[in-house]
Amino acid sequence: MWVLTAHPFWRYCIVGGVGFCVDWLILQAEVRFLGLDPVLGRFVSCFLALLVTWLLHRWFTFAAIGRPNFLELCRYLLSNGLGALVNVGIYSGMVMTMPSLGLTIPLVVASIIALAVNYCGAAFFVFTSRKR
């Protein structure tokens with residue numbers, strides 16, 4: 001298991017998986033138990049998942065020093081927003097220009113590229129001072 005956590009990128013992926021689970025669980029609870037609209041619920045669940053992943057990335061992925069602050073959170077939300085735009089842009093472009101690929105291949109390609117964008121944003125823009 002230590003091999004998977006030896007490099008920050010793999011820790012980033014693990015935290016991303018946790019964030020996905022948080023997002024999914026909150027969305028399910030909002031829709032099933034609170035009767036919230038799935039689209040509105042997605043905005044809420046996604047934001048809460050981003051808060052969880054921001055804190056986990058501070059602690060587990062990048063071992064950031066100091067206390068969490070609002071500016072760092074804003075940088076994290078901005079970098080993930082850019083990753084989301086890249087994801088949707090690549091996916092939409094591939095679906096519209098290469099419909100023979102179906103939906104899965106564009107989704108996988110877009111997600112991998114967005115993961116790289118999000119990781120670079122976190123590593124070089126959000127959590128710039130790390131413990132060694």
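Select the lining of the largest pocket to begin: by class it has 15 nonpolar, eleven polar and two charged residues, where Ala, Val, Leu, Ile, Met, Phe, Trp, Tyr, Cys and Pro count as nonpolar, Asp, Glu, Lys and Arg as charged, and the others, Gly among them, as polar. The model on the screen is a predicted one, in which local features need pLDDT of at least 70 and side-chain atom pairs count only at pLDDT 80 or more, while totals for chains, interfaces and linings use all residues. Residues are numbered from 1 along each chain as its sequence is written, and side-chain values use heavy atoms, with hydrogens and water left out.

**The pocket**

Stay with the largest pocket, whose volume is about 870 Å³. Of the 28 residues that line this pocket, D23, R42, N80, N87 and N118 are the closest to its centre, and they are a good selection to show as sticks. Colour next the elements that give two or more residues to the lining, namely α2 (8-33), α3 (38-61), α4 (70-97) and α5 (104-126); of these, α4 gives the most, with nine residues. A pocket here is an open set of points on a 1 Å grid over the protein atoms alone, where a 1.4 Å probe fits, with protein on both sides within 12 Å along at least five of seven lines, and lining residues have an atom within 4 Å of a point. Grid points are joined across faces, edges and corners, and the volume is the space filled by probe spheres set on the points.

**The whole chain**

Zoom out to the full chain, which has five helices and zero strands, both taken from DSSP runs numbered from the N terminus (helices are H or I, at least four residues; strands are E, at least two). The C-alpha trace spans about 45 × 40 × 30 Å along its principal axes. Of the 132 residues in the chain, 28% are buried, where buried means under 20% relative accessible area, exposed over 50% and partly exposed in between, with a 1.4 Å probe and protein chains only.

**Helix pairs**

Select α4 and α5 together: their axes come within 8 Å and cross at roughly 160°, which makes α4 roughly antiparallel to α5. The contact of α4 with α5 has 19 nonpolar, seven polar and two charged residues. Axes are lines fitted to C-alpha atoms, for helices over the stretch in contact, and angles run from 0 to 180 degrees between N-to-C directions; those under 35 degrees count as roughly parallel, over 145 as roughly antiparallel, 65 to 115 as roughly perpendicular and the rest as oblique.

Then exchange α4 for α2, and look at how α2 and α5 pack at an angle of about 115°, with their axes 11 Å apart, an arrangement that makes α2 roughly perpendicular to α5.

**Single residues**

Select S45 in helix α3, which is buried, with a relative accessible area of 0%. Add W24, and the C-alpha atoms of S45 and W24 turn out to be separated by 7.4 Å, although these residues are 21 residues apart along the chain.

Move to G93 in helix α4, which counts as partly exposed at 26% relative accessibility. The C-alpha atoms of G93 and G17, 76 residues apart along the chain, are separated by 26 Å.

Finish at A63, in the loop between α3 and α4, where phi is near 45°, a positive value in a residue other than glycine. Most residues other than glycine have a negative phi. A63 is partly exposed, with a relative accessible area of 25%.
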